[in-house]
Amino acid sequence: MFDARTIRAWYLLHKWSSLVCTVFLLLLCLTGLPLIFRDEIEAPDRGVAAAVLPQGTPDATLDQMVAAARQRYPAESVPYLYWDEHREHTVQVALTPDLQDPRRTHRVAVDARTARVLDEPGPDRGFMHVMLELHIELFAGLPGELFLGLMGLLFVASLVSGVVVYGPFMRRLDFGTVRLERSRRLRWLDLHNLLGVVTLAWAAIVGVTGVMNTLSTPLFLMYQRQVLPPLLAPYQGKPMPEQLAPAQSALDAARRALPGREITTVSFPGNPFGSPRHYLVWTHGSTVLTSELYTPVLVDAGSGQVVRAQGLPWYLRAIEVSRPLHFGDYGGLPLKIIWALLDLVTIVVLLSGLYLWLIKRGSALEARLAGFERGAMPPEAV
Amino acid sequence: MPRREPGPRADAWRVFRAPLLLGLLIVTGLAAALTGEEPLRWFCWLALATPLLLCLWYPLRAALGRQR
């Protein structure tokens, strides 16, 4: 298929890309495992339920909800609020003493219809939070996230090079061969090859979509920098209006601009992930696929008029579509269980690869590759 | 004398035929569930369970064969 020297180059790429990323990939596989079932694990502990009211009871206005939350923290500002997808008729109002420091943000849960405070979800701590932080950014913020993205790229490189070296290794073997009776090393080599190639497409998809996710913050900031300057230009040097348009009017305007779409989040003027002069109303569709596709509606904070309601650019769209394919949370509980089992298989592939490297040094495998180079040995004769 | 080698292309096809089919099955399975339709979800579950079953089947077959 390839000449011996090319095979050796691919083999070295497989060896080194895997060795560098294996520890981090093991961490990602282990922390990812409970995250697959996050909804199920967290479901029993969702806090105080909203009041039971007759169906069709209208919602209070956003401004009433914000006022209820701010009554507890009069000195703080609201960067955003969102409808809690796990708690019926509940809006989470975010509050912070410093808009520029997202880490100080905390939440107050408000009943959407009575505008009464329900409870204050504590800061995210505990097992799930540790898993999530480790999985996304190693407790190291954006640099940690980008570092894991790099490890993900190495993982993808090791998958590609693994496929290439799979060819010569399997030339004289039937698909699925597992030689149990010879050496322990050969047994694990066969299992590594089998489990690796059988789950390859899944691992590649989860790997690539994971890498894409690590880029979401920088890409969003890039998009924000493209969209906002022209919209903010007319306000250059002018002070903020004394009286902002009510948040409810921004919500109503967004609903009129994009009827039929669900609204998930309203970002308030001054939020660093929004605009200093606009409300940002995030909307999405309601099918499995379109629920991933968000359209932000920008509403002028002074006039309450919609100034822009366009879908995200292709690079953010790609990240949106990639998310369910990384999480495996879009096909019911059976798919989640399958996701977890495939994750376990990947752990076996990683560990067996590590094992093969540890016991092989100076042994048959290297000799065999040297043999390829001399053009002498048939590949299955170990 | 070694026996005559089949062409490299025939080799590649023989080695990669099964992985390629499995890859296609996984990709179509994942895409099917994105539509959210109930029968297609079933297809997705079956498609994604196939590699898992193969992970069990081939080692099991080898172990049974050894006992005989």
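**Exercise 1.** Determine which residue of S6(A) stands opposite Ile263(A), and place the pair in its sheet.

*Solution.* Step 1: Ile263(A) stands opposite Thr283(A) in S6(A); helices (H or I, at least four residues) and strands (E, at least two) are DSSP runs, numbered from the N terminus. The model is predicted, with local features needing pLDDT of at least 70 and side-chain atom pairs counting only at pLDDT 80 or more, while totals for chains, interfaces and linings use all residues. Side-chain values use heavy atoms, without hydrogens and water; residues are numbered from 1 along each chain as its sequence is written, and chains are lettered from A in the order in which they are written.

Step 2: S5(A) and strand S6 (residues 278-284) of chain A run antiparallel and are joined by five bridges; two strands pair if DSSP finds at least two bridges between them.

Step 3: S5(A) also runs antiparallel to strand S1 (residues 80-83) of chain A, with three bridges. Tyr80(A) has Ser267(A) of S5(A) as its bridge partner.

Step 4: Strand S5 (residues 262-267) of chain A is largely enclosed by the rest of the structure, because five of its six residues are buried (under 20% relative accessible area, exposed being over 50% and partly exposed in between; 1.4 Å probe, protein chains only).

**Exercise 2.** Find which residues of helix H3 (residues 62-72) of chain A are buried, and what they pack against.

*Solution.* Step 1: The buried residues of H3(A) are Leu62(A), Met65(A), Val66(A), Ala68(A) and Ala69(A). Step 2: They cover an arc of only 155° around the axis, so they lie on the same side of H3(A); the arc is that of the directions from the helix axis to the C-beta atoms. Step 3: Their packing partners in chain A include S1, strand S2 (90-95), helix H9 (247-257) and S5.

**Exercise 3.** Characterise the surroundings of Gln92(A).

*Solution.* Step 1: Gln92(A) lies in strand S2 of chain A and is buried, with a relative accessible area of 2%. Step 2: Its side chain makes a polar contact of 2.9 Å with that of Asp84(A) (a pair of N or O atoms within 3.5 Å; within protein, one must be able to donate a hydrogen and the other to accept it, and residues adjacent in sequence count only if both atoms are side-chain atoms). Step 3: Leaving aside neighbours within four places in sequence, the residues in contact with Gln92(A) include Tyr80(A), Arg107(A) and Pro121(A), contact meaning heavy atoms within 4.5 Å.
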